[in-house]
Each structure stands twice: as structure tokens, then as C-alpha cells.
Amino acid sequence: MKLNSEKLLGKQFNLLTIEEIDDHHWSRKIAFCSCECGGHTSPRLSDVVRGHTRSCGCLNKKRAKKGKSLVHWNSRRRKYEVIYQGKHIGFFYEEALAKQVLLTQENKNV
Ligand SMILES: [Zn+2]
């Protein structure tokens, strides 16, 4: 893919707006971008255009904040605990049932 730097200036890709392009590295142009969250980042131009880099990193942080979803054995209660996105959902006697509950939660929140 050939990237025309001038045409890409000011364009928005996902959360990033390209403000400046450093053309000096012929093989990998650097795009100086502002992010919708107010942050800044300077990834490779091709990564921005192709969507490999979609934010200054705030998107990843948001995703991480959601927390873990899992079924784990709670030895104190002697039951299976269902955690969905970091929140306690409930305790269950059977692992299969706990997994079913977690699956239902996940389907609800797609
Ligand atoms: Zn951001």
C-alpha cells in the first residue's frame, strides 16, 4: 500500500487524528496523532491507516478495566464462584452450572 502523506493529514482513523507526518524515515513514516481522549501518540503511519494502532493506548486501558471473567473454585465456601468482568456474580455447587451462568452473562453483554 502506498501512502500519500499529504492526503492523510488531518484525517481521522478510529480515535486518532493525524496531525503531522515525519517522512524522513522512508520505510516507516511516523504519524504524530492526537487522540479523542486528549492524549498523543506517534506510531507508524501504516499502523494507523491499517487500524493496528487505534488509540493512544486508552482503548486498551478501557478494555483492561473491565476485569476478568472466569469460574474458579472458592475453597473457603467450597463452591464454584463466577466472576464476570471483575464482579462477583454468584456461588454454585456445580462447575458446569457455574460455566453456564458465566456464558449467559457474556452473551448478555456482547
Ligand atoms: Zn486516547
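Two strands are said to pair if DSSP finds at least two bridges between them, and the strands themselves (E, at least two residues), like the helices (H or I, at least four residues), are DSSP runs numbered from the N terminus. What is shown is a predicted model, in which local features need pLDDT of at least 70 and side-chain atom pairs count only at pLDDT 80 or more, while totals for chains, interfaces and linings use all residues. Residues are numbered from 1 along each chain as its sequence is written.

**The whole chain.** Begin with the protein chain coloured by secondary structure, where there are 4 helices and 7 strands, following the pattern α-β-β-β-β-α-α-β-β-β-α along the sequence.

**The sheet of strands 1 to 4.** Select strand 1 to strand 4, which form an open sheet in the order 1-2-3-4 with antiparallel pairing. Strand 1 (12-13) and strand 4 (40-41) stand at the edges, each with a single partner strand, so one side of each has no neighbour in the sheet. Moving inward, select residues 16-22 and 30-35, that is strand 2 and strand 3, which pair in the antiparallel sense over 6 bridges; here Glu-20 stands opposite Phe-32 of strand 3.

**The sheet of strands 5 to 7.** Next, select strand 5, strand 6 and strand 7, an open sheet of 3 strands in the order 5-6-7, again with antiparallel pairing. Its edge strands are strand 5 (70-74) and strand 7, each of which pairs on one side only. On average, neighbouring strands of this sheet are turned by 30° against each other, direction ignored, where axes are lines fitted to C-alpha atoms (for helices over the stretch in contact) and angles between N-to-C directions run from 0 to 180 degrees.

Take the two pairings of this sheet in turn. Strand 5 and strand 6 pair over 5 bridges in the antiparallel sense, with Lys-79 in strand 6 as the bridge partner of Asn-74. These two strands form a hairpin with 4 residues between them, and in the turn Arg-78 has a positive phi of about 55°. Strand 6 and strand 7 (residues 87-92) likewise pair in the antiparallel sense over 5 bridges: Val-82 has Gly-90 in strand 7 as its bridge partner, and Ile-83 has His-88. The hairpin of strand 6 and strand 7 has 2 residues between the strands, and Gln-85 takes a positive phi near 50°.

**Helix 4 and the core.** Now add helix 4, which lies across strand 5, strand 6 and strand 7 and runs at about 10° to strand 6. Which residues make up the largest nonpolar core? Select Val-71, Tyr-80, Val-82, Tyr-84, Ala-98 and Leu-102. Strand 6 (79-84) and helix 4 (95-108) are the elements that give two or more residues to this core, and strand 6 gives the most, with 3 residues. A nonpolar core here is a set of buried Ala, Val, Leu, Ile, Met, Phe, Trp, Tyr and Cys residues joined through C-beta atoms within 7 Å; buried denotes 20 or more other C-beta atoms within 10 Å of a residue's own, with C-beta atoms placed from the backbone.

Centre the view on Leu-102, which, leaving aside its neighbours within four places in sequence, is in contact with Ser-69, Val-71, Val-82 and Tyr-84, contact being defined as C-beta atoms, placed from the backbone, within 7 Å. A second, separate core has 5 residues, including Leu-16, Cys-33, Leu-45 and Val-48.

**Back to the overview.** Finally, show the full chain again: buried residues make up 12% of its 110 residues.

Technical notes
Contact = placed C-beta atoms within 7 Å.
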